Amino acid sequence: MAVVALVWRSSARFALGQAAITLVLGLGPVTSAWAMRGLLDALGDGSAGAGGAGDAGRRTGYLVALVVTIAVVSVAPHVNRFLDAGLRRRVTLRMHDELFTGLNRLEGLGRFESPRHLDKVRLAQQATQMAPGQLVAAGFGCVQAVVSALGFLLALVTIAPVLAAVTLVAAVPAVIAQHRLGRRRADAQLTMSPNLRRQIFYASLLTDLNAIKEVRLFGLGEFLRGRMRQETQAVHREEESVDGTVLATQSVLAALTAAITGAGLFWAVGGTSGRFTAGTVVMFFTAVVAVQSGLGTVAGRVSEITEANALVRHFEELRDAGSDLPVRADPIPVPALSRGIEIADLWFRYGPDQPWILRGLDLTVPRGATVALVGLNGAGKSTLIKLLCRLYDPERGAIRWDGVDLRDMEPAAFRARIGTVFQDYMAYDLPARENIGMGDLPALGDPERIRAAARLAGIDATVEALPFGYETLLSRRFFDMADKTNPRTGMTLSGGQWQRVALARGMMRSTADLLILDEPSSGLDAEAEHDVHSRLRRHRGDRTTLLVSHRLGAVREADLIVVLEDGVIAEQGTHDSLMAAGGRYHDLFTLQSSGYRETAAAG
């Protein structure tokens, strides 16, 4: 019923239209057979000399009925194809929309790191591509076959009730077998999903522009092709196993059908002497074949519907999934930050079988302060940033915004109060204007706001110099097919330029209470890095800022420097106090400084 409801929501008008045409197509062959039987019997009566005005009228009536039926049945498939294609498109659009609406309800990152969830996503996407066609065609095809089979079965009952009963009973194992085949195919899809995802992964490495440099440099082409071949062969082995099961099952069913049909034909031929008219014999032959064919079609359609339903269940599971981050029924409105952020006894790990990343961390970030997080790789800096953005919830402890636990606020409303620049920023295959403006969607149509953010990031002049300025597509992956005289094939930027675009995107939320900068200058040279941090200091003003950087020279002016080590705070203070303490920060800063001095001396 859920599938029927989905089709109805997609387009009730097209669904009703195709249902009507399906009935016409199902009843058409039955009507033709009855009309042909009547016409042949009428012609037989006329040739025997019993004709008259009544017989002529009867023959004409049957002939007209036959011609009209043929005409309707000839036109109906074309109308059906139009309605079928239209309904499929609408079901596909509805499923796409509902699937990604459901995925957008997942506020956190946890499920997107689960291989099982990713397999379900792939199967759900496959359902939006395959299931509409399978469900619409198989569903209405099944109805058409049932209508036609029932019509001929009634005709068969009037001629040979016993054979009609045997034919009907023989269809039961076929329907059961086809249902099981559908389940087998669906299970195979889930089994093959990891192999298919790895196959796509290896194929992408052989074609992706960012990967192809290392692939060529390190001679990885044949190695990756071999891995891709292994995954493809694993998929093929599973498919061949399914195909073998299908072949064995359908061969048995075909033999059973042939036996029943043959027995019926022998019986009919043996019983024609004096009992059946020519029209009845033709009707009998047609009915036996049509019932067997119709019931076989029903069984096959049941298999297709079962397979499609299994895919649709993955779609429904993701569509109906609630948020992966608990949200109160009455979330507390997000206040403007007036006191600060408190991190209390924070514990976090990425799974019950994973090591602790943060262990009992306590930290206060005062409003208006610039707090720098430093430490070696794996110390927990990026994890803390994700928790502050509420992309995960802590396993123990709490993060409070002016005393309000982040879990008591609606995630989207909270995130609207922060601006972020991530180390692993996105480079969108979109125009420069949208690449920057997506940092604050309501301002996407405000060119001055976008240019102001670009100026803050020092990328305005670069963007203006592009062939189409802010409308230049920052990608060579797409171009505008509609404008063949001036195809906007796009431009690519350097790594440093892309980092400035990402920085401008983070600057779009000019009223954000909290600015999070995760390695905002990691891809820049020394001069560009100095320029970016000077701009950021001017832009931050009295905003609360959390700055993550491995380059300790960029954090020395922070109000508070926090050194993370193995998930705990090793030390904290100002640059001067930490240097005077001679601890971990002192050692790291001295090590970096000596490296810079040696480089300068060597130069």
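**Group meeting: a walk through a predicted model**

I will start with one contact: Glu464 and Arg451 form a salt bridge through their side chains, with N and O 3.0 Å apart. The pair links distant parts of the chain, with Glu464 in helix 13 (residues 460-464) and Arg451 in helix 12 (residues 447-457), 13 residues apart. Glu464 is partly exposed, at a relative accessible area of 37%. Arg451 is partly exposed too, with a value of 28%. Before going on, please keep in mind that this is a predicted model.

How many salt bridges does a search of the whole structure find? The count is 23. I will show a few of them.

Glu342 and Arg400 make one, where the closest N and O atoms are 3.6 Å apart. Glu342 belongs to strand 1 and Arg400 to strand 4, so this pair ties together parts that are 58 residues apart in sequence. On accessibility, Glu342 has a relative accessible area of 36% and is partly exposed. Arg400, at 27% relative accessibility, also counts as partly exposed.

Another salt bridge joins the side chains of Arg433 and Glu434, at 3.6 Å from N to O. Arg433 is partly exposed, with a relative accessible area of 22%. For Glu434 the relative accessibility is 22%, which again counts as partly exposed.

There is also a network of salt bridges, and it links Arg9, Arg94, Glu98, Arg319 and Asp320.

Next, the strands. Please find strand 8, residues 544-548, on the structure. Is strand 8 mostly covered or mostly open? It is mostly covered, as five of its five residues are buried. Thr544, Leu546 and Val548 point one way from the strand, while Thr545 and Leu547 point the other way. The residues on both sides are buried.

Which strands pair with strand 8? One is strand 3 (residues 370-374), which pairs with strand 8 in the parallel sense over four bridges. Within that pairing, Val371 has Leu546 of strand 8 as its bridge partner. The other is strand 7 (residues 514-518), where the pairing with strand 8 is parallel and runs over five bridges. There, Ile516 stands opposite Leu546. To put the two together, Leu546 is the bridge partner of Val371 and stands opposite Ile516.

Now two backbone angles. Asp345 has a phi near 45 degrees, a positive value in a residue other than glycine. Asp345 lies in strand 1, residues 340-348. That is the strand in which Glu342 lies. Asp345 has a relative accessible area of 40% and is partly exposed.

The second is Arg390, with phi near 50 degrees, again positive in a residue other than glycine. Where does Arg390 lie? It is in the loop between helix 9 (381-388) and strand 4 (396-401). Is Arg390 buried or exposed? At 1% relative accessibility, Arg390 counts as buried, because the cut-off for buried is under 20%.

On to the surface. Val24, Val64, Val68 and Val72 make a nonpolar patch of about 280 Å². Which helix gives the most to this patch? Helix 3, residues 53-104, does, with three residues. Val68 is found in helix 3. Its relative accessibility is 46%, so Val68 counts as partly exposed.

The last item is empty space. Rolling a probe the size of a water molecule over the atoms shows where such space is left. In this model, the largest pocket has a volume of about 1300 Å³. How many residues line the largest pocket? There are 35, and Leu391, Thr420, Phe422, Met426 and Tyr428 lie nearest its centre.

Several elements contribute to the lining. Helix 3, helix 9, helix 10 (411-415), strand 6 (418-421) and helix 14 (495-507) each supply at least two residues. Strand 6 gives the most, with four residues. Helix 3 therefore comes up twice in this talk: it gives three residues to the nonpolar patch, and it supplies at least two residues of the pocket lining.

To close, here are three places to look at again. Find Leu546 in strand 8, opposite Ile516. Find Arg390 in the loop between helix 9 and strand 4. Then find Glu464 and Arg451, the salt bridge from the start of the talk.

How values were computed
Residues numbered from 1 in each chain as written. Predicted model: local features only at pLDDT ≥ 70, side-chain atom pairs only at ≥ 80, totals over all residues. Heavy atoms only, no water. Patch = residues over 30% accessible without salt bridge, like charges linked within 9 Å, V, L, I, M, F, W, Y side chains within 5 Å. Areas by Shrake-Rupley, 256 points an atom, 1.4 Å probe, with all protein chains shown as cover. Salt bridge = Lys/Arg side-chain N within 4 Å of Asp/Glu carboxyl O. Buried < 20%, exposed > 50% of the residue type's maximum accessible area, 1.4 Å probe, protein only. Pairing = 2+ DSSP bridges. 1 Å grid on protein atoms, 1.4 Å probe; cavity = no way out; pocket = protein on both sides within 12 Å on 5 of 7 lines; lining within 4 Å. Points joined across faces, edges and corners; volume = space filled by probe spheres on them.
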